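Reader: I would like a close look at the salt bridges in this protein. Please take the charged pairs one by one, and then set them against the nonpolar parts and the cysteines.

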Amino acid sequence: MSVDEDAHWLEWVTKQFETIAGDDKEIDIDEFKTALKVKESFFAERFFALFDSDGSGSISLDELLKALNLLIHGDETDKLRFLFQVYDVDGSGSIDPDELRTVLKSCLHESAISLPEEKLDDLTLVLFESADKDNSGSITFEELKAELENFPEVMENLTISAANWLKPPDPDQKKPQAPRYLTRAYWQNNSRKLLFLCVYALLNLLLFISAMLYHSYGGGWFMLAKGCGQCLNFNCTFIMVLMLRRCLTWLRATWVVRILPLDQNILLHQIVGYAILVFTLVHTAAHVVNFARMTASGGFSLWEYLLTTRPGVGWVKGTASLTGVVLQLLICLMVFCSSTFVRRSGHFEVFYWTHLSYILVWILLIIHCANFWKWFVVPGVVFLLEKIVGIAVSRMGGLHIVEVNLLPSKVTHLVIRRPQFFQFKPGDYIYINIPVIAKYEWHPFTISSAPEQTDTMWLHVRSMGQWTNRLYEYFRQAESQEVCPKRLATSLRKRQQQKDQMFLSSDSEGAVPSNQDDDVKLTMFRQNGSQSGSASEEPGLAERGEGSLLREISTKSAENHRFCNIKCYVDGPYGTPTRQIFASEHAVLIGAGIGITPFASILQSIMYRYRMRKHNCPNCNYSWCENIKDNDMELRKVDFIWINRDQRSFEWFVSLLTKLEMDQADGEPEGRFLEMHMYMTSALGKNDMKAIGLQMALDLLAKKEEKDSITGLKTRTQPGRPEWGKVFQKLSEENKGKVHVFYCGAPALAKVIKAQCETFGFNFYKENF
């Protein structure tokens with residue numbers, strides 16, 4: 001916080017105090033929590049106790065401001081001493097292990113991190129042993145200060161005002177600055193899109209002017225209506241061309257992708273949709289005004305022109321006005337139901353069914369306008385062929401869902417038996433229809449397995465709407481006969497897999513199981529560490545903190561894993577911007593939440609190709625990779641950034657990421673090929689003083705055990721959100737070639753990342769379908 005921010009914050013505290021304090025001008029502990037919006041009881045009580053200098057059980061405004069001024073304007077030692085006093089619960093002048101454990105437990109609770117008691121003990125002991133230099137059994141102020149000096153980033157944070165300890169987190173994050181459209185970097189990164197939009201606007205202008213000049217005999221309003229009508233002929237056809245998915249997927253493999261913005265077809269589709277709405281409104285308004293003028297000259301009334309066929313306007317029995325009114329209503333309805341707040345508010349089905357009215361729109365356009373069919377015939381035939389091919393392909397092969405895993409945050413993991421003819425690229429998506437969920441609905445999802453996985457393919461479906469919620473609830477019903485018709489056979493199969501898992505887990509090499517069911521069990525285990533069980537119960541696993549493995553298997557596998565044989569239909573695959581990854585030199589993959597799904601497929605495929613080039617020494621365990629750059633893959637470096645809200649979300653793909661870490665060669669000439677960066681936004685950041693002890697303990701334990709306590713990965717999970725400026729600055733300094741950033745997740749974060757890409761001159765690609 002700057003000096004001005006400190007002053008404003010103190011002013012806010014004073015107003016809060018005066019509002020809540022009674023006639024006695026003092027506040028108690030409950031009022032203190034309300035005033036400063038401090039929810040965590042432990043830290044609230046510790047702060048209150050330290051501020052209550054006279055021990056009266058209440059604090060006055062003078063006491064509060066005196067303490068806060070010390071924290072704001074005090075030096076580094078003052079702030080360190082306050083931190084020490086927070087940890088010194090009994091006020092003895094030193095911190096014992098039990099006090100440290102209490103503080104760390106409160107930190108975990110406030111960071112929404114759930115760890116077993118044994119892991120909390122490990123965190124406490126590793127931090128205590130590191131700080132207790134003289135092995136006296138307690139930590140003095142000098143020892144705490146010396147320990148903190150081993151963490152430069154923590155000491156740097158002490159220069160921040162200690163008011164940050166109490167200031168409630170701002171729910172309204174700073175809004176990203178709008179992209180600087182006039183900068184050179186923006187024009188370079190968006191050159192294809194901008195050129196395409198210029199050509200598109202110029203073409204519309206030429207069509208508009210030519211139609212107006214051709215109909216100049218009818219007056220200004222008539223000319224305006226005809227000009228917009230000609231633009232509508234073009235746009236109502238062009239909007240269909242932008243959604244010819246099979247053609248666009250084919251074009252992505254050609255040189256055309258270097259000229260046309262094929263990866264932004266959805267954005268262009270939306271732009272053309274809004275253009276159609278504008279042209280339609282102007283076209284209709286111009287005709288209404290023209291009809292009103294014709295009414296003045298006699299013949300028919302305005303309502304007869306608009307709602308009847310009596311005037312004979314139109315080439316099909318005078319139906320131009322009637323069809324025009326219906327078209328206006330349909331187009332407005334389609335645009336409204338396509339808006340973001342409808343699609344992303346759990347009402348995707350509203351968008352889906354209203355969008356299907358495009359068939360009726362095209363039929364009415366053919367009836368409404370005498371020349372529309374000339375624009376429509378060729379794209380319409382291609383569109384029809386695509387639909388026929390899609391229906392034929394979707395009905396071939398007899399696809400079945402063979403396994404289902406119910407993951408945290410209501411994510412449904414579908415395992416589909418893959419037919420031999422089904423070929424796809426990493427990052428591709430499909431449309432899937434599951435008749436038992438909804439007979440006529442098709443929904444798009446990214447394929448999360450790699451093409452090299454020949455027997456099955458995976459989909460990870462987040463429950464966010466009616467269809468996806470029905471899907472999750474359907475498989476959640478454990479007693480459903482349709483989901484698991486052969487109960488005894490399934491039970492025996494699960495028992496055998498548990499025995500196999502037990503055998504694999506006791507292997508001294510720590511091998512990761514390869515089949516899918518074991519992946520799910522390992523995922524559950526990695527997340528929970530040694531939540532139940534102890535070293536004495538499982539001596540062979542205790543050294544790695546895996547004592548709870550058997551219990552996790554017997555409970556979570558039975559609850560969340562289903563074998564089934566459910567019919568489904570698939571349309572696709574269709575290409576996405578991520579197909580550019582293998583043509584990149586330095587790829588940065590950023591997934592937010594379930595946005596990891598396209599990158600799960602890509603990372604598996606990348607590491608498969610990586611393993612093909614990996615060498616192992618026959619005399620030792622050393623491995624290396626000489627060069628992975630070839631005609632199929634130009635990649636020299638991959639950075640994977642995964643941002644999750646809570647701890648449980650990491651369970652979705654933690655077993656996959658564990659395999660990727662193990663697959664990495666021990667030494668490469670140019671450093672690690674794949675680097676992972678995990679962020680947990682619910683955890684208190686390292687600049688939050690309440691989290692200093694916890695983050696230090698997590699760092700020390702991760703270094704000791706060579707794995708992260710939150711995910712079980714070697715990669716340390718970072719608290720809070722990435723500081724994108726520092727992240728992108730580091731990427732630019734690595735000099736691994738041109739950086740291409742691929743993002744999948746919430747649109748709001750996409751704007752922030754895109755702005756950073758423009759600043760650093762990186763290419764930006766966003767998954768959007």
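Author: What follows covers the salt bridges, then the nonpolar parts, then the cysteines. The model is a predicted one.

The count of salt bridges comes to 14. One of them joins Glu117 to Arg101, with the closest N and O atoms 2.4 Å apart. This pair links distant parts of the chain, since Glu117 is in helix H7 (residues 117–131) and Arg101 is in helix H6 (residues 97–110), with their positions 16 residues apart. Glu117 is partly exposed, at a relative accessible area of 42%. Arg101 also meets Asp121 in a salt bridge, at 2.7 Å from N to O. Here again helix H6 holds Arg101 and helix H7 holds Asp121, the two being 20 residues apart. Asp121 has a relative accessible area of 31% and is therefore partly exposed.

A further salt bridge is formed by Glu734 and Lys637, whose closest N and O atoms are 2.9 Å apart. These two are 97 residues apart along the chain: Lys637 is in strand E13 (residues 637–644), while Glu734 is in the loop between helix H29 (724–733) and strand E16 (739–744). Glu734 counts as partly exposed, because its relative accessibility is 22%. Lys637 counts as buried, because its relative accessibility is 3%. Shared partners join Lys637 and Glu734 with Asp639 and Glu675 into one network of salt bridges.

Now the nonpolar parts. The largest nonpolar core has 87 residues, and Phe640, Trp642 and Leu657 are among those with the most contacts inside it. A second, separate core has 33 residues, including Cys231 and Met334.

Val411 shows a buried position in a strand: it is in strand E4 (residues 411–417), and its relative accessible area is 0%. Beyond its sequence neighbours within four places, Val411 is in contact with residues including His460, Tyr472, Ile594 and Trp652. Val411 and Trp652 are 241 residues apart along the chain, yet their C-alpha atoms are separated by 8.0 Å.

On the surface, a nonpolar patch with about 850 Å² of accessible area together includes Trp315, Trp373, Leu385 and Ile388. Ile388 is in helix H20 (residues 372–394) and is partly exposed, with a relative accessible area of 47%.

Last, the cysteines. The number of disulfides comes to 0. For Cys369, the closest cysteine sulfur is that of Cys236, 9.8 Å away, so this pair is too far apart for a bond. Cys247 is partly exposed, with a relative accessible area of 30%.

Key:
Residues are numbered from 1 along each chain as its sequence is written. This is a predicted model: local features need pLDDT of at least 70, side-chain atom pairs count only at pLDDT 80 or more; totals for chains, interfaces and linings use all residues. Side-chain values use heavy atoms; hydrogens and water are left out. A nonpolar core is a set of buried Ala, Val, Leu, Ile, Met, Phe, Trp, Tyr and Cys residues joined through side-chain atoms within 4.5 Å. Buried means under 20% relative accessible area, exposed over 50%, partly exposed in between (1.4 Å probe, protein chains only). Helices (H or I, at least four residues) and strands (E, at least two) are DSSP runs, numbered from the N terminus. Contact means heavy atoms within 4.5 Å. Patches are made of residues with over 30% relative accessible area and no salt bridge: like charges are joined within 9 Å, nonpolar side chains (Val, Leu, Ile, Met, Phe, Trp, Tyr) within 5 Å. Accessible areas come from the Shrake-Rupley method with a 1.4 Å probe; for residues, only the protein chains shown count as cover. A salt bridge is a side-chain nitrogen of Lys or Arg within 4 Å of a carboxyl oxygen of Asp or Glu. A disulfide is a pair of cysteine sulfur atoms within 2.5 Å.
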